[in-house]
Amino acid sequence: MSYKRVNNITGWIICGIACTVYILTREATASFWDCGEFISAAYKLQVPHAPGAPLVLLLDRLFIVLFGGGPHTAALKVNLVSALASGFTILFLFWTITHFAKKLLVKDESTISTEKMIAMMGAGVVGALAFTFSDSFWFSAVEGEVYALSSFFTAVIFWAMLKWENQADQPHADRWIVLMAFMIGLAIGVHLLCILTIPAVVMLYYFRKSKKVSIKGAIWIFLLGCLITGVVQKVVIQYTVEAAGYFDVFFVNSLHLPFNSGSYFFLLIAAILIIIGLRYSHRKKKHFLHLGILCILFMLIGYSSYFTTLIRANAMPAINMQNVDDPMALDNYLNRSQYGDWPLIHGQDFTAKPVRYDKGAPNYESDDSTGRYVIRGYSMNAVYDLADEHWFPRVWDNGGDRGQSQFYGQWLGLSQNEKPSSFDNLNWLVTYQVGWMYMRYFLWNFSGRQNDVQGYGDVRDGNWITGIHFIDNLRLGDQSKMPDNLKHNKANNKLYGLPFLLGLFGLFFQLNRSKRDFLVAFLLFFFTGLAIVLYLNQSGPQPRERDYAFVGSFYAFAIWIGLGVLSVFQFFKKKTSGKISAVLASLICLLLVPVIMGFQEWNDHDRSQKTLARDVAADYLESCKPNAILFTEGDNDTYPLWYAQEVEGIRPDVRVVNMSLLGVDWYINDLRYKINQAPPVPMSWSPAKYAGDARNYIPYVPSESNTADSQYYNLQDIMAFIGNDQYKLPAPNNELNYYPTKNMFIPVNKQEAIKNQVVPVSDTGFMVDAVTFTMPKEVLYKNTLMLLNIIAANKWGRPLYFTSPTTLSRIGLGSYLETDGLTYRLVPVRSEKNSNTILSAGNVNTAFMYDNLMHKFKFGGAQIPGTYFDEPNRRMLIGIRNAFAKLGIALVEEGKKDSAIQVLNYCDKHILQGNYPYAFTSPGNNDNIGSLQTVYAYYIAGDSLKGDEIANQIINDCRQQGDYYNSLSPRLLSPTLMQDAQSANAIIAQLEEWKRTFGMESKKVKEMREKLNTTETDSLR
């Protein structure tokens, strides 16, 4: 059988295996993070967050339509796209490995021996299957995100260039280069990671076409590859759209033509220039010019998928991020302008403060009422003192509220307000950005993973391991003393460093035999890995693990894993016959690398039973009264809710309002329209009051008359004051509105509140005449301002709910919360009980909450034995558990102990301890602290046996933590682990006290005393 036939058949078999693995383990519905948003956007062809992924949405929508099944299976179809794209990525990886393997072993394809055929196929099988079962790639392969398709395009682009290499001397071979350019254009509609293949592709072209290869020439070609990558990113992707936008502004504002006329004219000019260029280059036989123009043309054709973004944005869908309805909006969308900028080559560090803000480019917005583009503010550029700026800044602060300064200080050993030195910046680059945020992920995939707890630099959480005890113990302390729940964590994957070692064998084997091919593979590895590290300049701490961003680099390393089989083959060949050595090398490498990887990683990548993202979204929505407005905080309490409403039609009457987005005008405008069955959100301001930069932040400036005033002012009047441009600060701040008092009240029309069922009938007697509160903030940013505006304008007409109590606590309204399930409702009843403590339920609507939890709540597969939940999922499960515990405590306070035990047992039955134990070691002991409320609820409800059972589990975990921390050397015991040790001791002390007070031992003592008293009484008789 010919090499080509064997190569094709084997590749398709491996592709089938990979597709089967991913289809079997794909998530049953939407996942957390961006998946809910992308699936919702695909289902109705809506517009997700910048910079979008229009090609992904089109493909996902195609699969939803083709395979049918209704809205409840839409997520499964989108996940199928990722599974198949990932499976076909493995196919092209296999063919890439065998291409390189053939070049290393064979000079004449017509005379390939059987032993070499086996060795080459073995290399492809081992390398492809190793990547199939790699941690990061498998994670993205089973959920509805963009990274599976991004990996597919990376694989296709690189493989296409290898096909060109095989046919470079044939006529029309350059069609592969044009195909590659088209694929890059399509890939822009997926993710920009794909353009990082360009330097490797350019280097391969140089090696294949150059008659004389030199080090100097390779350096120049490397720089050319970098330049082409920059041109594609800046000129093709950004400047073309920006130019179209400015043409449109000129045509609309100066020539008074309709919207989009200028962009059409720009496209016409571009098309004419391309046609002229093609005709000229063809007539003059300028091959490279002709090829370059063709590549640009086909890249732009692929890139045209973004036209669908403009089309769908103008249809005003429910999810319409940044309202991309004109070319200028598309420019901002592609530039990710809403995410700001960061220093790269020269700039400030995290201790620097801006001395001023300079106006940058104007922000144009199409105004339908005037038929013109209007300026809605300007981009503001922070200017720093020159003394605070330096070259190659690595430790910087984007002004967010993530504790960055404290994290930098702990990591680098800096005292408060100490400026980082150049050495500190390099230290951060090497130890955090490269070591922690790249090499750790790299070794997760090819050496082993400690657990699935997000790590922040200590030795307990999220490290890479080998599974070889003396190595791991030397780096991370005695792993045998780790708490049981971490020691037996499903993500504790021991690969023994074998994939890494085999990859090194392949790397050096290729380096020794073909330095040119090695350099091509290395450029792919570098630009999809370390180059991203340098470009992203990641600050700390990150809100989630970022390994998915470096999968292209892991793909390149898998090539070397495959070629490592050839190294082993050559070793065995010296000891035995050729055929035996080929078979032996292939089988040994197969068993020691991909087979071990598959067995180790299956259980923490199998999401086939998990539906938690969808179910917790439904739980949030079902916790709301009809026609409610629900304010959310982050990705994981927003995007799943969008999915539940937009795709599965769960509670479409609830209007979800994201607090992060509430600070931008286009989102506020969207709230003015009815979405699904949810009416518009009430507001007292016209759009002009918050358009663009207007009222981005409002400072507190007390007037002289009310500096010490204890009087409270109507929130509606304060909104009117802030919205009145007659009241502004004097020069030089005369562009700023302000608010003059922190003491505010929300009037309560009790009859209207009773009519709208704002409070339960049982609480109507506790309603206050006015909700009084004191604003703790010195500055109100636009999102907080609009929240206050909505509260004032609502006038208790619609229920206002919040996924987090801190949303209202931050503005002084934390005492007016009522718990209705997973949500917290603003009510005109002041609660003297603090709902943030584990000993109090706070203000609970027990009847409504009981019905929600016992009849409507779902548990995302936690009730099915063997379902795996990683850390973000566990955070949601503990929220559900705490809701049941809070209801149980509230029922006990009402004297309904039997109902309380019924509620607690229902939760215990549906969140199996095998899936998520009550005792779990986590940063800050947050999981154990969360479980304390359940223990307390069982105790006060009278089930001391269950209370003792859970208490003993938590005590055992905390003691195991103590044993582990005590075994660590001072070098390994970080401040955060020392704090966790203290919190573990405090938890033990609290639980021991409760056991003495409520536990079974306490009950036995009471029974003995009662029995003794009875005996003494009988004897007296």
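1. Let me start with one side-chain pair that caught my eye: D606 and S608 meet through a polar contact between their side chains, at 2.7 Å. Please keep in mind as you read on that this is a predicted model.

2. Where does D606 sit? The residue belongs to the loop that runs between α23 (578-601) and α24 (612-622). With a relative accessibility of 24%, D606 counts as partly exposed, because buried would require a value under 20% and exposed one over 50%.

3. D606 also has partners from elsewhere in the sequence. Once neighbours within four places in sequence are set aside, D606 is in contact with L24 and T25. For L24, the separation from D606 is 582 residues along the sequence, while the C-alpha to C-alpha distance is 7.8 Å.

4. Turning to the whole chain, 76% of the contacts between residues at least 6 apart in sequence join residues at least 24 apart. The secondary structure consists of 37 helices and 16 strands.

5. On overall dimensions, the radius of gyration is 31 Å, which agrees with the value near 31 Å for a compact globule of 1021 residues. The C-alpha trace spans about 110 × 85 × 60 Å along its principal axes.

6. Which share of the residues counts as buried? For this chain of 1021 residues, the figure is 57%. The accessible surface comes to about 42,700 Å², and carbon and sulfur atoms account for 59% of that area.

7. Last, a point for anyone thinking about electrostatics: the chain carries 92 positive and 88 negative side chains. The centres of these two sets are 9 Å apart.

Technical notes:
Residues are numbered from 1 along each chain as its sequence is written. This is a predicted model: local features need pLDDT of at least 70, side-chain atom pairs count only at pLDDT 80 or more; totals for chains, interfaces and linings use all residues. Side-chain values use heavy atoms; hydrogens and water are left out. Helices (H or I, at least four residues) and strands (E, at least two) are DSSP runs, numbered from the N terminus. The radius of gyration is taken over C-alpha atoms; the globule rule is 2.2 Å times the number of residues to the power 0.38. Buried means under 20% relative accessible area, exposed over 50%, partly exposed in between (1.4 Å probe, protein chains only). Contact means heavy atoms within 4.5 Å. Accessible areas come from the Shrake-Rupley method with a 1.4 Å probe; for residues, only the protein chains shown count as cover. Lys and Arg count as positive and Asp and Glu as negative; His and the chain ends are not counted. The place of a charge is taken as NZ of Lys, CZ of Arg, CG of Asp or CD of Glu. A polar contact is a pair of N or O atoms within 3.5 Å; within protein, one must be able to donate a hydrogen and the other to accept it, and residues adjacent in sequence count only if both atoms are side-chain atoms.
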